[in-house]
Amino acid sequence: EEDQPFARGAAAAAAAPWQVSADADSGGAGPAPPRGPPPLRPKIEAYFKNENLKSDRFLLEMIRESDGGWVDIEVVLGLKQIRACKAKRDDVLRALRGSWLETWRDPDGSSAAIRRPPDRPLP
């Protein structure tokens, strides 16, 4: 379940399109404000998890064929869910601070890459 965040979003939205919350000041109830899209970090991490890689041949091959398992950040920015967020390179790198995924950035800032830690074997 934890490795399948893509399935959760649509199902959760369909099951509860709005929530009722009591407002302490007015004593009334009404729909809660809409929630924004899930944060970028969980989306990126989900792409690199075993559950996703079992069915995502494109990304799995990118990891297998690259030296050290690094995936260029431009490839990550082109992934459907990341592209939908209109994320930029710096957004991705900032979102992955403290993530279990490893990031690399060229000293001059011209390129960057992401990988699973080498101690995490591919599925």
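At 27% relative accessibility, Glu 102 counts as partly exposed, and this residue of a predicted model is a convenient place to begin. The side chain of Glu 102 meets that of Arg 115 in a salt bridge, with 2.7 Å from N to O. Because Glu 102 belongs to strand S4 (residues 102-105) and Arg 115 to strand S5 (residues 112-115), the pair ties together parts that are 13 residues apart in sequence. Arg 115, for its part, is buried, since its relative accessible area is 16% and the word buried is used for values under 20%.

The two strands that hold this pair also belong to a sheet. Three strands form an open sheet in the order S3-S5-S4, and their pairing is antiparallel. At the edges lie strand S3 (71-72) and S4, each of which pairs on one side only. S4 and S5 pair in the antiparallel sense over four bridges, and in this part of the sheet Trp 104 stands opposite Ala 113 of S5. The hairpin made by S4 and S5 has six residues between the strands, and in this hairpin Gly 109 takes a positive phi near 80°. Turning to the other neighbour of S5, we find that S3 and S5 pair over two bridges, again in the antiparallel sense, and that Val 71 has Ile 114 as its bridge partner in S5.

What, then, covers the faces of S5, and which of its residues are buried? Both faces of this strand are covered, with Ala 112 and Ile 114 buried on one side and Ala 113 and Arg 115 buried on the other. The arginine of the salt bridge with Glu 102 is therefore one of the buried residues of S5, its relative accessible area being 16%.

From the sheet we can move to Arg 89, which lies in helix H7. The C-alpha atoms of Arg 89 and Ala 113 are 9.8 Å apart in space, while the two residues are 24 residues apart in sequence. If the neighbours within four places in sequence are left aside, Arg 89 is in contact with several residues, among them Ile 73, Leu 77, Arg 105, Gly 109 and Ala 112. Ala 112 has already appeared as a buried residue of S5, and Gly 109 as the residue with a positive phi in the hairpin.

Another of the contacts of Arg 89 is Glu 74, and these two residues form a salt bridge in which the closest N and O atoms are 3.1 Å apart. This pair links distant parts of the chain, for Glu 74 is in helix H5 (residues 73-77) and Arg 89 is in helix H7 (residues 89-95), 15 residues apart. The side chains of Arg 89 and Glu 74 are also joined by a polar contact of 3.1 Å. Glu 74 itself counts as partly exposed, at 44% relative accessibility.

A further salt bridge joins Lys 54 and Glu 51, whose closest N and O atoms are 3.4 Å apart. Is Lys 54 buried or exposed? Lys 54 is exposed, with a relative accessible area of 55%, whereas Glu 51 is partly exposed, with a relative accessible area of 31%. How many salt bridges does a search of the whole structure find? The search finds seven of them, including the one between Lys 54 and Glu 51.

Terms used: Residues numbered from 1 in each chain as written. Predicted model: local features only at pLDDT ≥ 70, side-chain atom pairs only at ≥ 80, totals over all residues. Heavy atoms only, no water. Salt bridge = Lys/Arg side-chain N within 4 Å of Asp/Glu carboxyl O. Buried < 20%, exposed > 50% of the residue type's maximum accessible area, 1.4 Å probe, protein only. Pairing = 2+ DSSP bridges. Contact = heavy atoms within 4.5 Å. Polar contact = N/O pair within 3.5 Å; in protein donor to acceptor, adjacent residues only side chain to side chain.
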